[in-house]
Structure formats: structure tokens, C-alpha cells
Amino acid sequence: MSKRLVIALGTLTSLGLLALVLAQLDLARVHAQLAAARPRLLLAALGLAALVLLARGARFWALCQRSDLRQVIAAIAVQNFLTRVTPLRLGELSLPYTLQRIAGEPAAPALIALALVRLVEIWVLGIFALGGAAWVFSAGGARLAPLWWVIGLSSLALLSFRAWAALAARLLLAAARRLGLAPEGWQRRALNALLDALQVGARYGLRAWSALIGGTVVVMSAQFALFGALIAACGINVSPAQLIVGVSGAAIASALPLFTVGSIGALEAGWVGAFMWVGLGIDEAALTGVFAQLATLLFAALFAAPAFAWLTRAAR
């Protein structure tokens, strides 16, 4: 599959999902609610977005070998923005590349750490969502089955991480060869480095796993508060349990390896589906989903611009 075809498929998928969400919006109501958005809540959301960034930086820094905290936070600020706007979330790869360039951080172990971070995020989100859904529905049963699947599959992926990550590394490098993205010698060196890095990940100690799991709980808790502030700014009320389930569903959907441009389309679709599942009306779910996407994308750009400038100077 050519690079142009991948970009085209990603763009079409994002536009298609986004169109489905936008079709549910009453534009007159959207204009009225956004015009009445409370500035204090928007400023609070911006502060919470900064807290999320700091927590993500501290979490990943605990898994690094050479980078300092400032470098990691700046690199994650840039990565977060790029991930939101690049096909197949390829912006994720900017983090190990940037840290290797400015701090000499070994790229392969950083890539393995990044994959573990994303897996743990899905696992933690599944647990959060299960608790929230159980509260909303006041019982278990078939309604909670999808969340048990999310938790079960992410647990299995974590337990078998070394095996499937090694297979994924081989498949990715084979794809790179087919697309002509790298010379043969580079592919062999990259594969060996990734396989060696998997041994490092397998030897994570209590400190690393505590930072990974505990840090993810902090990140997600701050993220719930961030999206809660954005929803409240639109003048819409949701319960804490609804907030947890809705935001978790959106985050899990946007983390899936879909043919989309970043999280555009996937986040909104996951948001609408999850919030409707726990009782929010489709028009309110669509409005808050689109608003949350736009606001957090703006926050990501605000943080990425100075971070990129600082990293550029550091690289020189």
C-alpha cells in the first residue's frame, strides 16, 4: 500500500466519521451555546490540559535512561499535537526520535516504553469505564460485556507484550521495506535494536511499573477533569459516572490503529457512542464531542509551538 493511498484512506475515514457526527448538530444551537461558553471554565480547562501534559511528562521520564524532565515534557507536547493531525497516529514516533536527537536517549527502548504506555492507558481506561458504567446502570450483566472485553484483551496484550511486540516489529520493518522507506541495512539494525529493547522492557522494576500505572491513573484523572470543564463550559451537565464512561470511550476509540488522520473523527464517534450509551442525548453528545476535539487541539497547538522552538534550540 503506497503512502499516498494510506493518507487518502485516513483522510476519507476521518471525514466520514466526522460527517456522521456533524450531521447530528443543530447549528443554531451550537452557535448559541458556544457564544455563551463560560471563559472561566475554558481557562480552567487550559490549566488542566497543562497538568495533563506535566503528568504525561513525569510518567514517561520515569521510563527514560538519559533524558531530563524538561526535555521529555517538551517532546511530549510536540508529539501530542503531531499525533492529533497525522495519519495512523504516526506523530507518536516523534517522541523517541526527538529524545534520541536532543538527549541521546536510545530510540528503541523509548519506542517500547511508548507502546507500553498506550497499552496501560487502554487497560486503566477500561477499568475506569467499567466502574462508571456499573454506577450508571446499577448492575452488571450484558451491558458491561464490551468493557470486560477491553480489560481482558488489554490485560492479555500486556502479559504477552514481548511476543507480539517482536512480531509487530518484524511486520513494520517488512512494510517499511515494501514502501521503500528505509535501506536494507537500516532495517536489520532497527529490528535488532527493537528486539534488544524488548529485553529492557521485560526487566522493568517496581519503580518503573509504579510510575507507569500510577502515572496513568493521574493522567486520566486530570483528563476527566479537563473534559468535564469543557462540557460544563457548553452549559451541559453530566454526572461523574457519565463523564468517566464517555471520555474513556472516546479515548479508547481514538487510540485504536484506525485509518484516520490522528484522532479526528475517531474521537468524536467514540465520544458520541459512549455518552449516548450512558444516557446523553445525541445532539448534546455531538456538540460536546466536536467542542472537546477543537478545544484540546487548540490547547495542544498552544503547548507545542513553544516546545518545538525550545527543542530546536536545544538540538542546535
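Okay, let's start with one residue: Gln293 has a relative accessibility of 4%, so we call it buried. Keep in mind that this is a predicted model. Gln293 sits in helix H13, which covers residues 282-315. And what does its side chain touch? There's a polar contact of 2.4 Å between the side chains of Gln293 and Arg84.

How confident is the prediction? For the protein chain, the mean pLDDT is 79, with 72% of residues at 70 or more. Helix H1, residues 3-22, has the lowest confidence, with a mean of 51. Helix H3, residues 39-61, has the highest, at 94.

Next up, helix H5, residues 94-103. This one is mostly covered, with seven of its ten residues buried. Those are Ser94, Leu95, Pro96, Thr98, Leu99, Ile102 and Ala103. So what do they pack against? The buried residues of H5 pack against H3, helix H4 (69-85), helix H6 (107-137) and H13, and H13 is the helix where we found Gln293. Right after H5 you'll see Gly104, with a positive phi of about 70 degrees.

Last stop: helix H11, residues 240-255, and helix H12, residues 266-277. Their axes come within 7 Å and cross at roughly 150 degrees. Angles over 145 count as roughly antiparallel, so that's how H11 runs relative to H12. The crossing of the two, H11 and H12, is right-handed. If you want to look at the contact yourselves, the H11 side includes Gly246, Gly249, Ala250 and Ala253, and the H12 side includes Gly270, Trp271, Ala274 and Trp277.

That's my tour, thanks!

Methods: Residues numbered from 1 in each chain as written. Predicted model: local features only at pLDDT ≥ 70, side-chain atom pairs only at ≥ 80, totals over all residues. Heavy atoms only, no water. Helix = DSSP H or I, 4+ residues; strand = E, 2+ residues; numbered from the N terminus. Buried < 20%, exposed > 50% of the residue type's maximum accessible area, 1.4 Å probe, protein only. Polar contact = N/O pair within 3.5 Å; in protein donor to acceptor, adjacent residues only side chain to side chain. pLDDT = per-residue confidence, 0-100. Axes fitted to C-alpha atoms, helices over the stretch in contact; angles between N-to-C directions. Parallel < 35°, antiparallel > 145°, perpendicular 65-115°, else oblique. Left-handed = near helix turned anticlockwise from the far one by under 90°. Contact = heavy atoms within 4.5 Å.
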